[in-house]
Structures are given as structure tokens and as C-alpha cells.
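I sat down with this entry to look up how its strands pair and how its chains meet. My notes follow in the order in which I looked.

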Amino acid sequence: MDNAGPPGIVRAMDHDALIAGGGLNGTALALALASGGLRVGLVDPLAASVRSGAGFDGRSYALSLGSVNLLRALGIWFELEGDAQPILAIRVSDGHAGQGASPLALAFDHAEIEEGPMGHMVEDRHLRPALLRAVERAGIALYDRRAAVAHAADPTGIRATLDDGTEVRARLLVGCDGKRSPTAVRAGIGRMTWGYGQTGMVAAISHGRPHEGTAHQFFMPEGPLAILPLTGNRSSIVWTERADRAEAVAALDDAAYLETLRPRFGDFLGDIALAGSRFSYPLGLSLAHRMAGDRVALVGDAAHAVHPIAGQGLNAGLKDVGALAEVLVEARRRGEDIGRADVLERYQRWRRWDVATLALATDGFNRLFSNDNPFLRLARDAGLAMINAWPEARRGFIREAAGLTGDRPRLLAGRPL
Amino acid sequence: MTATSSIDADEIAKFTAMAEEWWDPEGKFKPLHMLNPTRLDYICAQIAAEFDRDLSTAAPFAGLRLLDIGCGGGLLSEPMARLGADVVGADAAERNIPVARIHAEGQGLDIDYRHTTAEDLAAAGETFDVVLNMEVVEHVADPPAYLAACRALLRPGGLMICSTLNRTTKSFALGIVGAEWIMRWLPKGTHDWRRFITPDELFDMLRGAGLEPVDRKGMVFNPLSWSWSLSDRDLSVNYVTASLRPA
């Protein structure tokens, strides 16, 4: 960067924006801001080689069309497309373990929306390195193997202190540092959290028969089981159980684990086997009271960690990325100070309603389906059948899940900033 | 800085407090802060089009000398300086000058703030590529004479952006009754509705001053989204114009 600069500007800032956290949202935000001409610094506790060197561990993401558009606009989708599995249909059914799915199933087909597949399954081992390579290509300043341990805001910007003593000045600090966000804590932004007493168990499964690009969501009294298609004869599952039972399942060896899974999974895809490691995540909802503070903005799980039931966690984070990048790039292009409260308020106003609705809807959806009350079962079977019979409602549901509704950030429509 | 060394510490503390007031998005100047992004969007687009600048670059206005008349606390001067322009901020109210100066210094921006008027700058032979003349013309005693001074300040091919309030029943209802009497956004008596100018009258005055009007847009407040936007059709209350000094 040219440090002399034009006559009116005294360069005292190292960056326009400093991002804490080099995960998926942090790297995507760094790329989005850099694409709009902002000078970005990225602080990440892990070494880039650790992040990008991971083999297949079974973790994968159901990316909505909006998220795919964003990755395309950032110029990395072409690297991912070959390894991504398009989701061509979604089937939602209500079931009991060992009895298979209820006959009143809800089915969505991508032929019902003109944009093509409803989304894509992308594996962590492909997505993360692609984002990191792009960060490197974009020349973004990377403070890796370091964490921000303190920051102070003043009328012109923030001064962040890293754990090796480095001091970094920027107009704005963005916390992409997860649901226990140290950035939010330091900025005095509190959060509401609910536990569900449930655990999500994630694993990759290989199966004998092809999945034809269909995603399944079985609602069981203990919690939902999602089966999401990966490339080849593989699927990613999210198996939700009460916390105590999940603990027992986690303690099982792989063979016993598969025995427990089989009656839930069913045999419609042939015989099943493990195709990666098993992960467990306690489920809960965690919402920050605000998405912005004094020269601080929160993105992704730092602002809202939702139940991963509809695969909307990363998608909601990337929507934050698109909205924040658009607000900041526009502000900079009209010469505004990008860390000012009125600029950050625009981001907060844009995302807050969306985030709160998503959290409540996901919460309600889960409570309705994780219940064995016979009247509720009857009501929801009837409800599913109704949605199924009503094409308009179904299209609305698909478009919402695909991230095609609402006041969309430009990047989520695939347009550059 | 010589600018602030001539005033004592108490004065500096007072001016700093006033600067905070000017720049508080929720404070006394909230209506200006709300309007500011829309005004800036218009100004930036017009300058970029006229001088062929790319707004996605780091300092698109580098090399342009710009005058902000009625600069107040510097709400327009600072963004222009951040975009690379060489900015002179002028205000007839003397106390605004140290206030704006202190804030710009804090922001690391080098802006030449002066207690002066358009007429005095013109008499001194100063010239600019761009003159910002925002929400001023409705406050001056003799608009045609004032606009003639503005023309003299422009270099041939230079651009003036001028915004003001239209004289309509709606502007009376919103600008005077709404903004001053009900919302108390502005002190009572800030505006005299009889001095408001219609867009056609302003275009005639601009031409009379030897300028060539090239564009006009409305600035419309939407109470649902609680924000301002530009409009091609609705110039009934606030509006903004662009005009050129022929080369």
C-alpha cells in the first residue's frame, strides 16, 4: 500500500477493518471487503497450514443458492463446483425409529424454482482451503497463530492488542470469533442463550445405492435426523438425540454406532458404513443482544448461533458477510468513517429482524417435531400434507430455504460490490 | 497546529464538546446525519461523472480542489477529504471553525477550515474544481448575488452542487411544522418558508449567474424505513442540483 497517500489523508490506520477469527465467515468477509477496495487485516489463532491441510473429516455444509452466489461473486466457486453435490430434492417426513417414514411426507423439488438446484453440499476440506488460498491471493494481511486479547475504541478507531504484543490500528473491529465471541465480551455485548438438552451428532456415511441428489429430514420424537447428499454414494448425516442418549451413542465403537443408526436411517439407500470421523455438538441457541457496538460489528455465530436443524447456520453467517460488506463498502465510497455508530446501525437494522425470525422459526420447528404427543403428530402430519398439496406455499418454503427471499445483499445475488 | 494554539485550554474543551455534539449521530444534528449518506451519494456520483473518477479506488478525488460553503462541523468536508480531495471548508459562523478543525485533526484529516464567506473568497481570487453549496441558498439575503460569487469561485468546467428546500405546501408542512415545531429536529425559526426556492426558480437563478444547470433530484424521507433516498420525480420538499461553469 502507498503510505504517502493523497494530501488530505494522514495515514495512521494499519487497516480499514480488522477481522478477529479466520474461520469460514471471517475469511469470506475479508475477501468481500477486499473486493470492494477496503484494506483488511485478518487475525487467526491457527496457522494457515493447519486450517488448509485438513483431510476429509466428515464435516460438510448445505450451502443455499444465496451462499453459492456469494462464493461465485468472490471468485472461488469455480474451485468448489467440481466437488459440490447439488441438492435436487428435499423430502421431509415424520417417523418413528424402526417404523420408517410416515406416509404423509413433504417433498420439494428443484424443478419448482427457476434458479436450479436448491443448494449444494460442500465439504469442509474443500471450502476452508479454497477460502484461505483466495485470502492469500488477495494480499490480505494475515496475523496467523495469534489472537486479539484486548481492544480499545476511541473516536477515530480501535487499537487491538494481539497475544504476541503486536498492536494493530483500524477503523473497525469485526468479531467472527464464534458463539463465545471474545470480541463481543470485550465490547460489553451480552447474549441470550438457550440449551436444548440435545446433541447433534455429525458423520459422513457411505451407502450402497445412489441418493439421486435428494436430501432427507426425518423427524423423530428424540430429535431430527438429516441425511444430506455428498458426491458419490455418500451422505452427511446430522443425528440429533437427547444429550444423555447422545453421550451413550458417542461412547459406542463404530460397529455398535452403525447398529444404532440403521433402524433410524432405514434401508432405502442400501447398506451403510462410516466414511469419516464422528463429531458431536451440543445444540443451543445463542443470540447477541446487539450486532454492533463501539467500533465493533459481530458476524456469524458471534452474533447468532442457531440450532443447525435446517442447515442455516453458515448460510445466515454468509448473509451477514454480504450485508456488512455492502454497508461498509458503500460507506467508504462516499467517504464516511466506516466504524461510526450510524454506519454500523445500517448493518444491524438490515440483519437483526432476519436473524431473530430465523432463530425463533428454527426453535419452533424443532420443538414441534421433537415431540411425541399424538395430537401434535396428527396436526403436523396434516400440516405437512397441506403444504405438500399447495404449490404456492411449497415454492415459498423452498425459496426461503434456498436463501432467495428478503432484501438480499448484492453478493448473495452473485453481483460484485 | 497554529490554528488551535491561539485559543486557551477552556476554549479547546468547549470546542471539543461542541464537535462531539456536531458529530453525534443521535444528537442535535441527527437530521443532518440521517440526510448525509443521500447527499454524499449524489455529490460523489456527480463529481465522479464530471471528472471521470472511479469511486472504487482508494482516493478517487485526488487532485481536485473543493470548497464546502457553510461547512458547519465538517459533515461533508471530512468525507470529501477522505476521498482524496484538497478541501477548504468555509463558514460564516466563527465558532464552527475551531470545532470543525479539532474534529478533523482527531480524524487524521488535513482540511483548510476558514471563517469566511463565498463573496470574500471570490474577492480574494480563490478558485475550485468543485463547490458544495448545500442547504445554504435559502438562508442568504440576496441569492442572485451569492450565486454570482459561487460562479466566480469555479474554474472553467467546474461543478457546483446546490441543494435547498422547495416552496410548496408540503415543504411547509414537513420542513417547518414537522421538522421544527413537532419533531424539534431543528430549532424553531431555522427556516423562513418564504425564502424557499422552487427548482425552476433556482435553475433560472443559476443561468442568470452564468452557470449551466445539468441535473436535479429530489431527496425524499421515507417514514417507514426512517431513511432518505434520491428521487427523479419528487422534488416537493428537499432537492439537490448540479450545474457547471461553461469552459
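I counted a residue as buried if 20 or more other C-beta atoms lie within 10 Å of its own, with the C-beta atoms placed from the backbone. I kept in mind throughout that this is a predicted model.

**Strand S2 of chain B**

With that cut-off I turned to S2(B), residues 86-91, and found it mostly covered, six of its six residues being buried. I then looked up which way the residues point: B:Asp86, B:Val88 and B:Ala90 face one way from S2(B), while B:Val87, B:Gly89 and B:Asp91 face the other way, and all are buried.

Which strands does S2(B) pair with? On one count, strand S1 (residues 65-69) of chain B is joined to S2(B) by five bridges and runs parallel to it, and here I noted B:Leu66 opposite B:Val87. On the other, S2(B) pairs with strand S3 (residues 112-115) of chain B, again in the parallel sense, over four bridges, and B:Asp91 has B:His115 in S3(B) as its bridge partner.

I followed the chain through these connections as well. The path from S2(B) to S3(B) goes through helix H5 (residues 96-106) of chain B, and this β-α-β crossover is right-handed. S1(B), H4(B) and S2(B) likewise make a right-handed β-α-β unit.

**Where chain B touches chain A**

I next looked up the contacts between the chains, and found 27 residues of chain B in contact with 18 residues of chain A. On the chain B side, helix H3 (30-51), helix H4 (77-82) and strand S2 (86-91) each supply at least two residues, and H3(B) gives the largest share, five residues. By character, the residues of this side divide into 16 nonpolar, seven polar and four charged.

**The sheet in chain A**

How are the three strands of the open sheet in chain A ordered? I read the order as S3-S8-S4, with antiparallel pairing. Strands S3 (60-64) and S4 (85-87) of chain A stand at the edges with a single partner strand each, so one side of each is left without a neighbour in the sheet. The twist from one strand to the next averages 30 degrees.

I then checked the pairing of S3(A) with strand S8 (residues 119-123) of chain A, and found five bridges between these antiparallel strands, with A:Val122 in S8(A) as the bridge partner of A:Tyr61. Helix H5 (residues 124-137) of chain A packs on the sheet, where it touches S3 and S8 of chain A, and its direction makes about 85 degrees with that of S8(A).

Notes:
Residues numbered from 1 in each chain as written. Chains lettered and ligands numbered in written order. Predicted model: local features only at pLDDT ≥ 70, side-chain atom pairs only at ≥ 80, totals over all residues. Pairing = 2+ DSSP bridges. Axes fitted to C-alpha atoms, helices over the stretch in contact; angles between N-to-C directions. Contact = placed C-beta atoms within 7 Å. Nonpolar A, V, L, I, M, F, W, Y, C, P; charged D, E, K, R; others polar. Buried ≥ 20, exposed ≤ 12 C-beta atoms within 10 Å, placed from the backbone. Right-handed = clockwise from strand over helix to strand, strands pointing away.
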